[in-house]
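I opened my notebook to get to know a new structure, one look-up at a time. Come along and keep the model in view as you read.

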Amino acid sequence: MNKNIDNRILDSLKNELNRQKNHIELIASENYVSPAILQLNGSVLTNKYAEGYPGKRYYGGCQFIDEIESYGIELAKKLFNADHANLQPHSGSQANEAAYKTLLNPGDKVLSMSLDAGGHLTHGYNINFSGQLYDFVFYKVNRETEEIDYNEVEKLALEHRPKLILAGASSYTKIIDFKRFKEIADKIDAYFMVDMAHIAGLVAGGVHPNPFPYADIVTSTTHKTLRGSRGGIVLCKEQFSKKLDSAVFPGIQGGPLENQIAGKVQALSEASSEEFKQYAQQVIKNAKALADTLMENNIRLIANGTQNHTVIVEVKNSLGVTGKQAESILESIGIVVNKNMIPFDSEKPVNTSGIRLGSAAMTTRGFKEKEFKAVAQIIAKALKDHNDQNLDQLAQEVKQLCDNFPIYTDIKY
Ligand SMILES: *Cc1c(COP(=O)(O)O)cnc(C)c1O
């Protein structure tokens, strides 16, 4: 099967498989997809052009592609209680681009969470298309609680009267009150959008409130907690469905990636199962075990803990290392995390005062509270005392945990 893969690619592929097997993955936005999804991503579906939508394509030979995409649309609508679904965005960023194009004209005002408070680049950052095309104003988090201050959101909404209010974040550890956001949006007759890229799997698994019926439009990635192919999805209320579909195609994209879409459909099917509900519950329990054990070690967490899959650790004052240093110390023992800004961070984005951890990937791998507590102890020890001997010992413990929970054992390259 792999005989014809260019050797340089094959070498890297083998190394990447080994890397994935032999480290503890705590990047909050990553996960391990099922073998079924890997197979669909690498299937013959990649050969097919299918511009347009099921039943309305601009190419012949789409009948089987139509079956898969239509099935996925049905699953997505049911799973998230949406009137309409579009599975074609190539990424979460493009899902957002399509959603903005559906609701806004260039120059329109949007209220969203700022990047440094936990928002995403596509929520109006000045060097992203979003910040260049639309007029964003930002809410942050409360300095004391480090949680969204809904009164501040309301005050900003009344002051700036945006056409759209956006909820959703890349590093925020608390449940988001969609109902409260909707009430604020209604006061100024604004649209309400939710970007649930990080929490879609938690919503699907019933451990985070669903943005519907409150949101007009909901975007997501499909590869984070939802555990599917890398890509995006947009869901909306009936009245936006036509505009949304034409915003995605022909608005911002050409041919959809049907091999990726099939992997999204498989993920939606998996996420509709009882097993996935248990997965989502375990993700939450594991993040809590990780958070509690770090706090027992006198390490400060942003917002004092977590209600979802993410934990944001303040390392600079707690432990005397920057986020960048913490990331590289942990990587040296086989724990992969990312440095992350904390609210009102005094460090530059290249250094940061924090790291972001997530429980989604290692929960897929079978870790329960016991293993997450062990991981938290390893992290605390490594960041408190990073002499070589200590780190060597901790690297052994990491290796043992990985060996106890093997992954992708059937894959041979
Ligand atoms: C990850 C993320 C995205 C972007 O997804 P990409 O697929 O990387 O483009 C958008 N919004 C939020 C909140 C995210 O966390």
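My entries below go through helices, salt bridges, a surface patch and one loop residue.

**Entry 1: what kind of model**
I noted at the outset that this is a predicted model.

**Entry 2: helix H1**
I checked the length of helix H1, which covers residues 7-21. Its 15 residues, at 1.5 Å a residue, should span 21 Å, and the end C-alpha atoms are indeed 21 Å apart, so the two values agree. I then looked at the start of H1, where a side-chain oxygen of Asp-6 comes to within 2.8 Å of the backbone nitrogen of Arg-8.

**Entry 3: helix H16**
I repeated the length check on helix H16, residues 388-404. With 17 residues the expected span is 24 Å, and the end C-alpha atoms are 24 Å apart, which agrees. Which residues of H16 are buried? I found Asn-390, Leu-391, Leu-394, Val-398, Leu-401 and Cys-402. Looking down the axis of H16, I saw that these buried residues fall within an arc of 110 degrees, so they line one face of the helix. A general point helped me here: an α-helix has 3.6 residues a turn, so residues three or four places apart point the same way. On the other side of H16, Asp-388, Gln-389, Asp-392 and Gln-396 are exposed.

**Entry 4: salt bridges**
How many salt bridges does a search of the whole structure find? The search gives 18, and I picked out three pairs to follow.

- I began with Asp-108 and Lys-163, whose side chains meet at 3.0 Å, N to O. The pair links distant parts of the chain, 55 residues apart: Asp-108 is in the loop between helix H4 and S5, and Lys-163 is in the loop between helix H6 and strand S7. Asp-108 counts as buried because its relative accessible area of 17% is under 20%. Lys-163, at 31%, is partly exposed.
- I went on to Asp-116 and Lys-140, with their closest N and O atoms 3.2 Å apart. Asp-116 sits in the loop between S5 and H5, and Lys-140 in the loop between strand S6 and H6, so this salt bridge ties together parts that are 24 residues apart in sequence. I read a relative accessible area of 27% for Asp-116 and 31% for Lys-140; Asp-116 is partly exposed, and Lys-140 is partly exposed too.
- I ended with Lys-187 and Glu-154, which meet at 2.8 Å, N to O. Lys-187 belongs to helix H7 and Glu-154 to helix H6, 33 residues apart. Lys-187 is exposed at 51%, whereas Glu-154 is buried at 15%.

I also wrote down a network: salt bridges with shared partners join Arg-57, Asp-66, Glu-69 and Glu-258.

**Entry 5: a nonpolar patch**
What forms a nonpolar patch on the surface? I listed Leu-115, Leu-121, Tyr-125 and Ile-127, which together have about 360 Å² of accessible area. I looked up Tyr-125 in particular: its place is the loop between strand S5 and helix H5, and at 32% relative accessibility it counts as partly exposed.

**Entry 6: Glu-238**
Where is Glu-238? I found it in the loop between strand S10 and helix H9. Its relative accessible area is 48%, so Glu-238 counts as partly exposed. I also compared positions along the chain: Glu-238 and Leu-226 are 12 residues apart, and their C-alpha atoms are separated by 23 Å.

Methods: Residues numbered from 1 in each chain as written. Predicted model: local features only at pLDDT ≥ 70, side-chain atom pairs only at ≥ 80, totals over all residues. Heavy atoms only, no water. Patch = residues over 30% accessible without salt bridge, like charges linked within 9 Å, V, L, I, M, F, W, Y side chains within 5 Å. Areas by Shrake-Rupley, 256 points an atom, 1.4 Å probe, with all protein chains shown as cover. Salt bridge = Lys/Arg side-chain N within 4 Å of Asp/Glu carboxyl O. Helix = DSSP H or I, 4+ residues; strand = E, 2+ residues; numbered from the N terminus. Buried < 20%, exposed > 50% of the residue type's maximum accessible area, 1.4 Å probe, protein only. Expected span 1.5 Å × (residues − 1). Polar contact = N/O pair within 3.5 Å; in protein donor to acceptor, adjacent residues only side chain to side chain. Arc of directions from axis to C-beta.
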